[in-house]
Every structure is written in structure tokens, then in C-alpha cells.
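Here are my comments on the structure you asked me to look over, set out so that you can follow them with the model open beside you.

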Amino acid sequence: MNYPENYRYTKEHEWVSMDGDVGTVGITFHAQSELGDIVYVDMPTPGAAVTAGESLGSVESVKAVSEIYSPVSGEVVEANETLKDAPEKLNDDPHGEAWLVKIRLSDKSQIQDLMDASKYQAYIGE
Amino acid sequence: MIRKTRSNISQNEQLLFEMSSPGKRGYQLPELDVPAVDAAGALGGENVRDEVTDFPEVSEVETIRHFSRLSTWNYGIDLGMFPLGSCTMKYNPRINEAVARIDGLAWAHPYQPESLSQGVMEIVAVLEGALCEIFGMDAVTLQPAAGAHGEFTGIMMVRSYFEAQGNARKVVLVPDSAHGTNPATAAMAGYQIRNIQSNSQGMVDVGALEASIDDSVAALMITNPNTVGVFEENIAQICAVMHSKGGQVYMDGANMNALVGIARPGDFGVDVMHSNLHKTFSTPHGGGGPGAGAVGVRSHLEPFLPAPRLRKNAEGAWSWDYDRPQSIGPVKAFYGNFGVIVRALAYILAHGGVGLKNATVDALLNANYIRKILEPYYEIAYPAPSMHECVFSDSRQAAKGVKTGDIAKRLIDYGFHPYTVSFPMIVHGALMIEPTETEPKHEIDLFCDALISISQEIDENPELVLKAPHLSRTPRVDEVLAARKPVVRWKKP
């Protein structure tokens with residue numbers, strides 16, 4: 001599977017892609033494959049404050065409900081509303097179209113702590 | 001080879017809505033002999049629903065047949081082994097039901113005066129005493145209506161205990177093998193959750209626990225045996241470590257079935273615990289209740305128990321004591337689910353002490369027998385000895401593309417209800433099997449043969465398992481479509 005080089009990854013299997021001071025956040029291909037068919041996504045509303053390592057929302061698959069942990073701290077500026085009616089996109093295109101939220105980071109340096117693509121792939125044993 | 005089931009013919013069933021034809025009735029009412037009242041006028045138009053139309057109109061016999069036929073489609077503990085075990089429904093001995101149907105018990109009313117309720121109050125008191133002895137605790141309340149309700153009651157008492165000392169503390173420790181209700185309970189009681197990782201044996205790592213404790217920790221919520229069916233062999237040390245920091249130990253006694261008559265939580269240092277009466281003491285549980293989450297405490301927590309408490313007055317009569325200034329207050333209207341309390345006591349008295357211990361030993365024997373027979377075919381999740389349930393991982397089968405959910409579906413073709421699928425979550429692709437103490441050997445052998453046969457099918461013809469079930473009334477349902485686009489009510493075509 002292709003894990004984009006310019007993304008940063010967490011041990012909880014989220015990714016973040018930076019554009020200025022706004023990070024786009026999603027779950028990894030590995031995460032969706034472990035979860036199985038995703039049937040529901042719960043996301044924060046724009047304006048919500050989020051903290052790195054704390055729950056941002058949840059994804060529900062046929063098997064279980066799993067927390068999504070925010071890779072970064074900041075303020076949610078946009079949530080991907082299209083996932084409400086089409087949660088299956090998270091299975092089809094987790095690194096692209098099925099991003100979850102965009103977060104304005106309180107401090108851009110925090111992404112230094114996250115893994116790059118090769119480290120993440122080593123972490124999941126791929 | 002499938003030995004237990006044969007394909008057979010039974011009638012298909014429409015929805016009642018689809019059987020409906022206008023004007024049919026299942027009842028007859030006498031002619032109205034009072035003036036008719038306009039409902040909308042009397043109650044206000046907003047209280048009269050008219051948006052739900054097309055209620056089914058069917059005759060009495062059609063209704064009876066409809067539900068009788070549906071009932072024959074059920075699989076239940078009275079028909080065969082139910083490997084979900086006590087989590088869902090273990091066998092309910094009929095003596096429980098006979099006792100619960102005694103007129104004076106079945107018809108007791110919560111508003112009866114105390115003078116006419118002495119018998120039912122005695123039953124509550126005797127059961128509380130029996131559970132104190134079984135748990136090794138100093139006092140028990142039967143007020144909570146379910147296990148999770150018992151957990152909440154217990155942690156609220158822990159909070160009150162610390163508040164009485166001037167500091168409620170902030171954190172509750174929860175191992176990653178815990179029941180999901182444990183962290184939910186702590187959060188509901190206003191605590192932050194701190195997770196503790198299990199070690200390679202599936203047990204709480206004492207070092208990790210020690211590293212997680214500080215003065216802000218109110219309690220540890222530990223399930224023993226835990227959700228992987230393993231006894232926390234360091235439990236006494238775990239309790240001592242918690243107590244050395246002034247913390248409390250809450251035990252989720254959901255798995256008391258594996259301890260009764262052998263080990264007592266009070267003896268190994270637990271301060272407060274609950275036990276789901278359906279799991280260990282065979283009260284009915286199908287359909288979600290009514291339940292009972294008995295909570296036991298050591299004496300230092302006794303003042304905080306929910307009010308009222310039973311008290312015997314000077315004349316030897318029972319009364320309810322509401323004068324409990326430190327109590328967390330009532331947690332349920334009246335006192336627990338009395339019908340469940342009667343059944344649990346009937347079970348305990350019918351077994352006696354020796355009988356209860358034998359039930360525990362049989363539950364452990366059955367689970368370990370299954371483990372031993374299936375170990376050559378399925379990967380056991382943790383090498384530590386199993387208690388009343390054994391947990392396998394689907395790793396060998398998943399390598400061939402067949403997962404625990406597929407194996408469970410194929411088991412239906414063999415005439416068994418599936419085992420617990422994909423739980424506990426710390427085991428990847430879990431198959432959790434709890435036979436309980438009542439399962440006879442020939443039924444367990446049939447069940448093991450079925451799982452062995454399925455493992456061979458996975459080697460020879462995985463498609464057969466992936467597309468199962470084949471003999472059930474409906475083929476494999478599309479769970480994903482059902483979850484993504486649920487149809488929750490009938491609409492007229």
C-alpha cells in the first residue's frame with residue numbers, strides 16, 4: 001500500500017498532511033483494513049478544540065466502535081461531511097477523498113513528534 | 001461431518017403488516033354504553049398520533065400462529081449448547097422458576113406495608129448474607145438493576161469515600177483487558193481513565209501498575225478472572241500495591257462463576273465488587289433483563305451503600321432504614337428486581353455450599369476440556385491456564401483467508417449457536433468459548449467435532465466456510481448493508 005511520503009503518522013493509525021498551519025487528518029489504510037467495513041463516522045463540529053492524543057471522534061465498523069485520536073492540538077476548521085452519507089469512502093480511499101477533519105494547529109512544530117511514512121510502515125510491519 | 005442438524009422444511013413467515021386485510025379483528029368489544037369522547041378534544045390534538053397508519057389488521061389465530069412459528073426459529077439454551085456462555089444466557093434451573101412463581105412472592109407489591117412484607121424482606125436479607133459469604137465481603141446491596149448499574153453504584157461509593165476524606169481524587173486505572181463498561185462507569189462517575197497494558201500472559205503487569213499509581217488515583221477496576229478467561233495470579237499483590245497508595249480496588253465480578261466456593265475477592269484484598277446475578281447465579285437474562293448487579297463492600301465502604309438498608313428491630317422484624325447520612329442515596333425505585341433476587345437465592349439454596357463449588361469446578365473442567373481438544377487446531381490466545389472460558393485467536397485460519405466471523409457462521413450449519421466473536425478486543429480475531437458448568441460431555445464433544453471439522457474445511461475448501469451458513473433459514477446476511485442503510489420500519493409498498 002502507498003503511504004504518502006509527505007504525510008505524518010501516529011501509533012494509533014491516523015495521518016496528518018500539512019498545508020500552512022492547517023493539518024488534514026484521516027485514518028490510515030492499515031486502520032481501515034483492521035476495522036473492516038466502516039458503517040458510521042462521528043466527527044467533531046468546526047470550532048471544536050482538540051488535543052493531541054485525545055479522542056477526536058469515532059468510526060464504527062461491523063465489528064466495533066473505535067476512537068479516532070487527534071494527532072495534533074488545535075481547532076477544527078472543517079469536517080468532511082460527505083462521510084456522513086458515504087462512510088464506505090473510508091475503506092475505498094482513506095488517504096485521499098476520505099479525510100476526516102482539518103485542524104488549525106496551535107503549534108506547527110508538534111508534527112515533528114509523529115512518524116514519517118517509512119517509520120510507520122516499519123511500525124505496522126509492512 | 002454435520003451430525004446434529006438436518007435440513008428440514010418449516011414455514012416461511014410474512015410480516016404481520018403483510019398479512020393484514022382491512023376490517024379483520026382479533027378482539028371483540030361490547031358496544032359503547034357511555035358517550036363517545038373525541039380524543040383530540042380531550043387530550044389536545046398534539047397528543048393524538050395520526051402519522052402512523054396501516055397498523056396490521058389480523059385475526060387472533062393468525063397472530064398466535066405468527067408468533068408461535070417465529071418462536072420455533074429460535075436457538076436457545078433449552079435446545080442445545082450456547083457457547084456464548086453466562087455472558088448471555090446460561091442454563092436456568094427450573095427450580096428457580098417454581099420458587100419465583102409462589103403466589104406470595106410473585107404477587108408481592110412494593111407498596112405492601114412492612115408488616116405484610118416480612119417474608120420477601122427475609123429473602124432479600126438471606127441472599128445478601130449468602131453473597132457476603134460467597135464474596136468474602138462485609139455487606140451487600142441488591143438494589144442495582146444490572147451489572148453496569150452495580151459498577152456505577154460501586155464507583156460512586158468510592159467517590160463518596162474519598163470525598164468524605166476531603167479529596168475525591170481524579171483517576172481510575174483500567175487494564176486493557178477490561179469490560180468496556182469499566183471505563184464507561186469511571187467516566188460517568190467523573191473520573192479520568194488511565195489504561196494499563198496487559199503482559200504476555202494476558203494479566204495486569206504489576207510493574208506497569210506501580211508506574212501508573214500516584215496520589216490522584218482513586219481506584220483500579222479489575223476483572224478477575226479477566227476477559228481473556230485468565231485468573232490474575234498477582235491479584236493479592238495488585239491489591240496491596242493499590243492500598244499502599246491509598247487507592248481502592250474495584251473488582252468486576254462478572255466472571256465470579258469461576259471463583260464461587262474456591263476463592264473470595266474479599267480475601268485477596270478487593271474493597272468493592274459487583275456480580276451479575278444472571279452470570280453466576282443463573283437468573284434469566286435473555287432479552288436484556290430484568291437484571292441484578294449485587295454490590296459487595298468491605299466495612300469501610302458500608303456507610304456509603306445505597307439507602308435504604310435492611311434492619312432488624314428489637315422485636316426481630318425487618319424494616320427499611322433510610323437514616324443513612326453518608327449513603328450515596330437510592331439508585332433504583334424500590335429495592336432491586338425482586339423476581340431475580342428470588343431466583344438467585346433459590347439457585348444458591350438448591351446447590352448448597354458443596355454444590356456451588358462443584359458447579360465452579362465443572363465450569364472450569366468443561367472450558368479446559370474444550371481448550372485441550374481444540375488446541376491442535378486453533379491458536380490459544382494466552383498460554384496461562386484457562387478458567388471458565390477459553391479464548392482462541394483465528395491467526396492460523398486468517399492466514400488462509402478465513403476469519404473468526406466466518407467460522408462462527410459455519411458453526412450454525414453444524415447446529416450450534418456461534419461463540420463470542422472478536423471479543424475480548426486485545427485478542428486479534430478472538431473466538432471466545434464458554435460452555436458453562438451444565439453442558440454434558442456428549443454435547444461438548446459434538447461442538448468440538450464441529451470446530452475441528454470446520455478447521456479441516458478451511459484447509460480443503462475455504463469457500464464453503466466463507467459463504468456459510470448454508471443450512472440456515474436465511475443465507476449469510478449483508479451486515480454491512482444492514483448497518484449502513486438500515487430499514488427500521490415497514491412502509492406500505
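The points below take the sheet, then a pair of helices, then the contact between the chains.

1. Please keep in mind throughout that this is a predicted model.

2. In chain A, 6 strands form an open sheet, and their order across it is 1-2-3-9-8-5, with antiparallel pairing. Strand 1 (8-9) and strand 5 (49-50) of chain A stand at the edges and have a single partner strand each, so one side of each is left without a neighbour in the sheet. As general background, strands of a sheet pair through backbone hydrogen bonds, in either a parallel or an antiparallel sense.

3. Within this sheet, strand 8 (residues 74-79) of chain A pairs with strand 9 (residues 101-105) of chain A in the antiparallel sense, over 5 bridges. To find the pairing in the model, you could begin at A:A79, whose bridge partner in strand 9 of chain A is A:V101.

4. In chain B, the axes of helix 7 (residues 147-164) and helix 8 (residues 181-188) come within 9 Å and cross at roughly 45°. Helix 7 of chain B and helix 8 of chain B are therefore oblique to each other, and their crossing is right-handed.

5. Where these helices meet, B:A148, B:E151, B:F152 and B:I155 in helix 7 of chain B touch B:T181, B:N182, B:T185, B:A186 and B:M188 in helix 8 of chain B. By class, this contact has 5 nonpolar, 3 polar and 1 charged residues.

6. Between the chains, 6 residues of chain B are in contact with 7 residues of chain A. The side of chain B that touches chain A has 3 nonpolar, 1 polar and 2 charged residues.

Key: Residues numbered from 1 in each chain as written. Chains lettered and ligands numbered in written order. Predicted model: local features only at pLDDT ≥ 70, side-chain atom pairs only at ≥ 80, totals over all residues. Contact = placed C-beta atoms within 7 Å. Nonpolar A, V, L, I, M, F, W, Y, C, P; charged D, E, K, R; others polar. Pairing = 2+ DSSP bridges. Helix = DSSP H or I, 4+ residues; strand = E, 2+ residues; numbered from the N terminus. Axes fitted to C-alpha atoms, helices over the stretch in contact; angles between N-to-C directions. Parallel < 35°, antiparallel > 145°, perpendicular 65-115°, else oblique. Left-handed = near helix turned anticlockwise from the far one by under 90°.
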